Amino acid sequence: MLEIQTRRVEPDIVVLEIAGKITLGRESKELEWATENLVREQQKKIIFDLTGVTRIDSTGVGIIVMSAAQVKNSGGELRVAGAMGHVEQVLRLSSVDKLVALHPSATAAATGF
């Protein structure tokens, strides 16, 4: 199961706190839709907090890369925070870290945004 909570870091940063698995399946579409909605709302600074993510596959990698491109094309930036263990390994092995900044925590990701 995938859970997504939205919180704001003033003045203008949106953090999507994600928990569960970002894998092939219907639930992962929720993350795509959440990003699309934020872009539509003209949010320019978005952080995916993956602290609670236990598993990610190529679908999840694709969603992160696609979301980063979507935010960038709207003039913003997507940062990823809290990826650990298996999740961090997958992101680094698939070179996501070369496209999207990886940070140890949402607080670190928000610094200097």
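This is a chat between two people about a predicted model and how its parts pack together.

Colleague: Hi! I'm new to this one. What kind of model is it, predicted or not?

Modeller: Welcome! The model is predicted, so let's treat it as that while we look around.

Colleague: Okay, let's begin inside. How many residues does the largest nonpolar core have?

Modeller: The largest nonpolar core has 27 residues. Those with the most contacts inside it are Ile18, Ile22, Phe48, Leu50, Ile64 and Leu91.

Colleague: And which helices and strands each supply at least two residues of this core?

Modeller: On the helix side, α1 (29–40), α2 (58–73) and α3 (85–93) each supply at least two. Strands β2 (13–22), β3 (45–56) and β4 (77–81) each do so too.

Colleague: Let me pick one from your list. What does Leucine 50 touch?

Modeller: Leaving out residues up to four places away in sequence, leucine 50 touches Ile18, Ile22 and Ile64, and also Val80, Ala81, Gly82, Ala83, Val87 and Leu91.

Colleague: What lies apart from the largest core?

Modeller: Another core, of 8 residues, lies apart from the largest one. Its members include Ile47, Ala81, Ala109 and Phe113.

Colleague: I see Phe113 there. How many aromatic pairs are there in the count?

Modeller: The count comes to 0 aromatic pairs. Phenylalanine 113 does have a charged partner, though: the charged end of arginine 79 sits over its ring, 3.9 Å from the centre.

Colleague: Tell me about that arginine, then. Where does Arginine 79 lie, and is it buried or exposed?

Modeller: Arginine 79 lies in strand β4. Its relative accessibility is 10%, so it counts as buried.

Colleague: Which backbone oxygens does the side chain of arginine 79 reach?

Modeller: One is the backbone oxygen of alanine 109, which lies 2.5 Å from a polar atom of the arginine 79 side chain. Another is the backbone oxygen of threonine 111, at 3.4 Å.

Colleague: And what else is arginine 79 in contact with?

Modeller: Setting aside neighbours within four places in sequence, its contacts include Ile46, Ile47 and Phe48, then Val100, Ala101 and His103. Ala109, Thr111, Gly112 and Phe113 are on the list as well.

Colleague: Changing topic to helices. Which residues of α3 are buried?

Modeller: Val87, Val90 and Leu91 are the buried residues of α3. Seen down the helix axis, the buried residues of α3 fall within an arc of 95°, so they line one face of the helix.

Colleague: What covers those buried residues?

Modeller: The cover over the buried residues of α3 includes β3, α2, β4 and β5 (101–103).

Colleague: Which exposed residues does the face turned away carry?

Modeller: That face of α3 carries Gln89 and Leu93, which are exposed.

Colleague: And what is α3 followed by?

Modeller: Serine 95 follows α3, and its phi is positive, near 65°. Serine 95 has its place in the loop between α3 and β5. At 31% relative accessibility, serine 95 counts as partly exposed.

Colleague: You mentioned β5. What about Leucine 102, which is found in strand β5: what does it touch?

Modeller: Not counting residues up to four places away in sequence, leucine 102 touches Val80, Leu91, Arg92 and Asp97. Leucine 102 is partly exposed, with a relative accessible area of 21%. Its C-alpha atom is separated by 9.9 Å from that of isoleucine 47, with the two residues 55 apart along the chain.

Colleague: Now the loop between α1 and β3. Are glutamine 42 and glutamine 43 buried or exposed?

Modeller: Both are found in that loop. Glutamine 42 counts as exposed at 58% relative accessibility, whereas glutamine 43 is buried, with a relative accessible area of 16%. Glutamine 42 also has a positive phi of about 65°, although it is not a glycine.

Colleague: What does glutamine 43 touch?

Modeller: Not counting residues up to four places away in sequence, glutamine 43 touches Arg8, Asp12, Val14 and Leu38. With arginine 8, the side chains make a polar contact at 3.3 Å.

Colleague: One last thing. Which peptide bond is cis?

Modeller: The one from glutamate 10 to proline 11 is cis, with omega near 10°. Proline 11 lies in the loop between β1 (2–9) and β2.

Note on methods
Residues are numbered from 1 along each chain as its sequence is written. This is a predicted model: local features need pLDDT of at least 70, side-chain atom pairs count only at pLDDT 80 or more; totals for chains, interfaces and linings use all residues. Side-chain values use heavy atoms; hydrogens and water are left out. A nonpolar core is a set of buried Ala, Val, Leu, Ile, Met, Phe, Trp, Tyr and Cys residues joined through side-chain atoms within 4.5 Å. Buried means under 20% relative accessible area, exposed over 50%, partly exposed in between (1.4 Å probe, protein chains only). Helices (H or I, at least four residues) and strands (E, at least two) are DSSP runs, numbered from the N terminus. Contact means heavy atoms within 4.5 Å. Rings of Phe, Tyr and Trp (its six-membered ring) pair if their centres lie within 6.5 Å; planes under 30 degrees apart count as stacked, over 60 as edge-to-face and the rest as tilted. A charge sits over a ring if NZ of Lys or CZ of Arg is within 6 Å of the ring centre and within 35 degrees of the ring normal. The arc is that of the directions from the helix axis to the C-beta atoms. A polar contact is a pair of N or O atoms within 3.5 Å; within protein, one must be able to donate a hydrogen and the other to accept it, and residues adjacent in sequence count only if both atoms are side-chain atoms.
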